[in-house]
Amino acid sequence: MPGISREEVAHLARLARLELKDEELDHFAGQLDDIIGAVATVSDVADEDVPPTSHPLPLTNVMRPDEVRPSLTSAQALDQAPAQEQQRFKVPQILGEE
Amino acid sequence: MTTVTDLVPYEDALASFDPVMGLEVHVELGTRTKMFCGCATELGADPNSQVCPTCLGLPGALPVVNATGVESAVRIGLALHCEIAEWCRFARKNYFYPDMPKNFQTSQYDEPIAYNGYLDVQLEDGEVFRVEIERAHMEEDTGKSTHVGGATGRIHGASHSLLDYNRAGIPLIEIVTKPIVGAGERAPEVAKAYVAELRELIKALGVSEARMEMGQMRCDVNLSLRPSGEERFGTRSETKNVNSLRSVERAARYEIQRHAAVLSSGGAIVQETRHFHEDDGSTTSGRVKEEAEDYRYFPEPDLVPVAPPKEWVEELRGTLPELPRLRRNRLREEWGITQHEMQSVLNAGAVDLIVATTEAGADAPSARKWWMGELARRANEDGVDLAALPITPADVARVAALVAEGSLNDKLARQTIEGVLAGEGTPDEVVEKRGLKVVSDDGALGAAVDEAIAGNPAVADKIRGGKVAAAGALVGAVMKATRGQADAARVKELILERLGVEG
C-alpha cells in the first residue's frame, strides 16, 4: 500500500492553495489513500517491461509551420474576465502584507 | 526593509574561497508566432491583442508545437556541441502565479532536447575557457505583470496587478551550464564572457536578436563558495534576471563578496533567489527556493513527443554558421589588429559593419577607422547603436574609395559622412551638393600659394634657405584659405617649386 500521510496532504493543499481544516486533512488522507491504492493495482499487471504511458497514441512530431493565425481581439480576450483595467486582466493582490 | 549587507574585499574572498557558478540563460526566439499557438509575437502590440484560447488557457484549447521553435532549439543545441535527444517530451511545470493563465508553464523536465555540450569563451587577454553545457530545453515565456498601488510599481505593497498576456507563450530556450569550476578570481569575467559569447552565437544562428536590454536574453546567476581545497560545493544563491553583460559580472562579484562575508563570520548561506539592483550592483533577498518537486512536473499530455529524425539533425548541422569566436580570430588576423583592438570592435558592435564595408570594396584599415572613429563617436553622442546610424557600409566604402583616389582628404571625408548622416544623400551626392572635392588643379591652387608666400615673407626666406620643414606653415595657410579643400601634397609641391627648392 502506498500510504499517504497527513503531512503530505497538507503539503499538496498548500501547493494547490487550498485551505483545509485539521479534520479535513485526516479525512482526505484516508480518501486519497484509497484512491492511490485502487490505481496502484495497475502495477500488479504492468510489469517492469511496460513503460509508464504518458501518451496513448504512438504519434510524434506533430508540428505546425511558423505562420501567424488570427488572435482574439483584446475585447474578446477580456470579455470573460472577472475584472479588467487598462485593457489588462485585473487580478487581486498577489503578495499579502508582510 | 533595508539591511546593511556585509561584504569582504574581493581579493580576501578569493584568498579563502573558491567560487562555483551555474548560469541559466533564457533566450526568446525570434519566431513569427508563439511556441504552442499561432498568435503573433510582435513587440509593442496593444495589450492582450496577441492572445488566443490556447495561450489564455481557455478550456478545451489544445497546443501545437511551432516547427521553427523546435528547429531553432536543435540548431542552438548543435552550435553548443550538445547531443540531440532522439525522443523527448514537454512537461507541465505547475505553479500559482497569474503570469501564466494556465497555472503551469509548458517546459521540458528530465528530457531536454539538447544536453551535454560546451561553449569555449575567450577572455579579454585571449585566454580560452571552456564552459560545459548541461542542457538546453524548450519552454514558453510568461505574461507581463504591472503592479498597481504600491511604491514604484513593486509587487510588495501593491493593491492589485494587471496582466498582459501578449508575451505568454513566446518560445524560450533555456540554456543551463554545468557547474563552472576552476575559474577562481576570473569567475565574474568568465560569466560575462560566456553570456557575451552565447549572445553572439545566438545572433549568428539568426534565431533571435538576443537584445538583453529588450529582455530577449536574460541571465540567472547561481553562485556558491567552497573553502579553497574543498571538493564539496557550498550552498548557492540564485540571482535572477541579470540583464546586461556588465551586470552579470557585477552580480557574480557581489555574490562572491557577500557569501564570503557570511561564511567567514560563521554564518550559513540560505538557498534563495535574489534580486539584482542595477543602480548599485547589489543583490537583495527574494524568495526561498521551492524544491523542484513542488512544481509537480509531469509529461504534457496535450503535446505528443518530439523525435527529431537523425537525417534532419544532420541537415541542420550543415546550416551552422562559423562560430563567432573562430570568426573573430580569423577576422582579427585578416585585419592585422590586436586582441585588445578586436575587443573594442566587438564591444562597439562593429564587427559585421566592418565586414560589410570591406565586402563593399574598402580595405580593412579604412573600414575600421571610419566605424571605430568618426561613426562610433557620433553613435555615442546620439546614444544609438552603431548599426542604427543612417549610413550604410556601402556609403562608408564609397567615402573610403574617394579618399583612396585622392578626391577627398580626411577633413572633407568627415564632412561627407556628416552630410550622409544628415540625410543629404549618398556620399557622391553630398560631395556634389556641398562642393567638397579636393582642389588639386594647379590653376586654382596657384593663386592661394602665391598669396601665402607673399603674406609670409620670413617663412618663405627660411624655405629658400633650405629649411624645407618650414613649408608646413605655408601649406597650413593655403589649407585655411581654401577651407580645407586643397590637396595638401600638391600644395607643398607648388610651394617648393615656386621657391626653387628641391622637395
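These legends accompany several close-up views of a predicted model.

**View 1. Where chain A meets chain B.** Let us start at the contact between the two chains, to which chain A gives 32 residues and chain B gives 41 residues. On the side of chain A that touches chain B, the elements giving two or more residues are strand 1 (63–64), helix 4 (74–78) and strand 3 (88–92) of chain A. Strand 3 of chain A supplies the largest share of that side, with 5 residues. By character, this side of chain A divides into 14 nonpolar, 10 polar and 8 charged residues.

**View 2. A strand pairing across the two chains.** Here we look at strand 1 of chain A, which pairs with strand 2 (residues 65–66) of chain B. The two strands run in the parallel sense, and their pairing is made over 2 bridges. To find your place, look for A:Arg64, which stands opposite B:Asn66 in strand 2 of chain B.

**View 3. Strand 11 of chain B and its two partners.** Strand 11 of chain B covers residues 217–227, and 8 of its 11 residues are buried, so the strand is largely enclosed by the rest of the structure. One partner is strand 1 (residues 17–28) of chain B, which runs antiparallel to strand 11 and is joined to it by 11 bridges. A handy landmark in this pairing is B:Val25, whose bridge partner in strand 11 is B:Cys219. Strand 11 of chain B also pairs with strand 12 (residues 237–242) of chain B, in the antiparallel sense and over 4 bridges. In that pairing, B:Leu223 stands opposite B:Ser237 of strand 12.

**View 4. The domains of chain B.** The domain assignment splits chain B into domain 1 (10–315), domain 2 (324–434) and domain 3 (442–498). Taken over C-alpha atoms, the centres of domain 2 and domain 3 of chain B are separated by 32 Å. Contact between these two domains involves 4 residues of domain 2 and 4 residues of domain 3. The domain 2 side of this contact consists of 1 nonpolar, 2 polar and 1 charged residues. In UniProt, an unreviewed entry lists residues 352–499 of chain B as "domain: Asn/Gln amidotransferase". In the model, that span is 70% helix and 0% strand, and its end C-alpha atoms lie 50 Å apart.

**View 5. Helix 15 of chain B and its buried side.** Which residues of helix 15 of chain B are buried? They are B:Ala471, B:Leu474, B:Ala477 and B:Val478. These residues cover an arc of only 115° around the axis, which puts them on the same side of helix 15 of chain B. The spacing makes sense: an α-helix has 3.6 residues a turn, so residues three or four places apart point the same way. The cover over the buried residues of helix 15 includes helix 13 (442–455), helix 14 and helix 16 (488–498) of chain B. Helix 15 of chain B is followed by B:Arg483, which has a positive phi, near 50°.

**View 6. A close look at B:Ala470.** B:Ala470 sits in the loop between helix 14 (457–464) and helix 15 (471–481) of chain B. Is B:Ala470 buried or partly exposed? It counts as partly exposed, because it has 18 C-beta neighbours inside 10 Å, whereas a buried residue needs 20 or more. Leaving aside residues up to four places away in sequence, B:Ala470 touches B:Val459, B:Lys462 and B:Ile463. B:Thr5 is 465 residues from B:Ala470 in sequence and, C-alpha to C-alpha, 66 Å from it in space.

Definitions and conventions: Residues numbered from 1 in each chain as written. Chains lettered and ligands numbered in written order. Predicted model: local features only at pLDDT ≥ 70, side-chain atom pairs only at ≥ 80, totals over all residues. Contact = placed C-beta atoms within 7 Å. Nonpolar A, V, L, I, M, F, W, Y, C, P; charged D, E, K, R; others polar. Pairing = 2+ DSSP bridges. UniProt positions renumbered as here; feature names shortened; annotations may be inferred. Domains from an automatic or database assignment. Buried ≥ 20, exposed ≤ 12 C-beta atoms within 10 Å, placed from the backbone. Arc of directions from axis to C-beta.
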